[in-house]
Amino acid sequence: MKRTLIFAECRQIQPKKRSLLHQLYNPGESPHILAIRPHQYVHTAWQGDVPVAAIASDYSDYATDQMIRLTHEAYRDRYVFRGLLDRLIREIRRNSIHDTTLLLHVKQDHDQDKRRMFEVLGFNPYHETVTYTLPLIPFQKYTYENWSLHVDYFATHSSWLAYRNQYAHMLTDVLPLTASRLLEHEHRQEVFHSLKLKGKIVGIMRSRIGSGRLDVYELHVSGSDELIQEAVSFIQQEFYFRFRSLEQIRVTLTSLQPELRYALIRQGGSPTQAGAYTMIKEVAPSAPSFPLN
């Protein structure tokens, strides 16, 4: 006899049982399931003490933008997971008074059935991300005298943030960054750089150094193909001299940045791992079941 399926948000589950959710994930890839922030949730499905499916939601941008991020999807049973996600969408629809945008971030594992499952639920592909390794090389060009790379701190972030948000729709995170989210990134020891040409911002970076490597989570440069190419080579030589112990950096770009991806490849960059894809679904609030006065 089959056990009854139980659907529950993580906070409704005892901590000892909650820790079993790690079984659904590869080491280090699970969402926070014990110390969960107020604006974050982990939605789960169980058969007895066995976790069957889970997905995390983040409402941190909801107050102003009506946007919810969905991440960390995992399941043993595809049909149970689809039922879990469908329940979540109906709950969002029932509790909303405005249209809500769902941003679904999924690791790319070449499982086309998974992608079709999301499409059946109304999610539309938006963009894909790929991480490249880029060698650090001490190029020398006289035109580098016109370039500079500045660290922007939270107290002086306004120009960096304005430039970054102008191109947010092309970047990994998709959404404009608020000051509060920027502060969260800073608390995670991420660094923000402005790339300037003759004193004018033409690019931005968001990165973190640790465990002997530098990860660039967001990079964007605007301008001609020649300008973008030179910007990448300048970054290579700049980080070569700043981080003598590093031979390469990892840079994540999206499919909406073809010129920058081409420049990275021409400068010796190569894709290193399966990336991720982002899908979007618009959710309208449920129609009221009673007449409005």
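Q: Which element supplies the largest share of the lining of the second largest pocket?
A: That share, four residues, comes from α3, while β1 (5-9), β2 (40-47) and α3 (78-95) each supply at least two residues of the lining. Helices (H or I, at least four residues) and strands (E, at least two) are DSSP runs numbered from the N terminus. This is a predicted model, in which local features need pLDDT of at least 70 and side-chain atom pairs count only at pLDDT 80 or more, whereas totals for chains, interfaces and linings use all residues. Residues are numbered from 1 along each chain as its sequence is written, and side-chain values use heavy atoms, with hydrogens and water left out.

Q: What makes a residue count as part of the lining of a pocket, and which residues line the second largest pocket?
A: On a 1 Å grid over the protein atoms alone, a cavity is a set of points where a 1.4 Å probe fits but cannot get out, whereas a pocket is an open set with protein on both sides within 12 Å along at least five of seven lines, and a lining residue has an atom within 4 Å of a point. In the second largest pocket these residues are F7, A8, E9, Q12, H43, T44, L84, R87, L88 and E91.

Q: Why is R94 called buried or exposed?
A: Buried means under 20% relative accessible area, exposed over 50%, and partly exposed in between (1.4 Å probe, protein chains only). R94, which lies in helix α3, has 55% relative accessibility and therefore counts as exposed.

Q: Where do the buried residues of α5 lie around the axis?
A: The buried residues of helix α5 (residues 158-166) are W160, L161, Y163 and R164. They cover an arc of only 165° around the axis, so they lie on the same side of α5; the arc is that of the directions from the helix axis to the C-beta atoms. On the other side of α5, S158 and Q166 are exposed.

Q: What is the sign of phi at H72, and why is H72 called buried, partly exposed or exposed?
A: Most residues other than glycine have a negative phi. H72, although not a glycine, has a positive phi of about 55°. H72 belongs to strand β4 (residues 67-75), and its relative accessible area of 31% is the reason why H72 is called partly exposed.

Q: Why is V174 called buried or exposed?
A: V174 lies in the loop between α5 and α6, and with 10% relative accessibility V174 therefore counts as buried. V174 also has a positive phi, of about 70°, although it is not a glycine.
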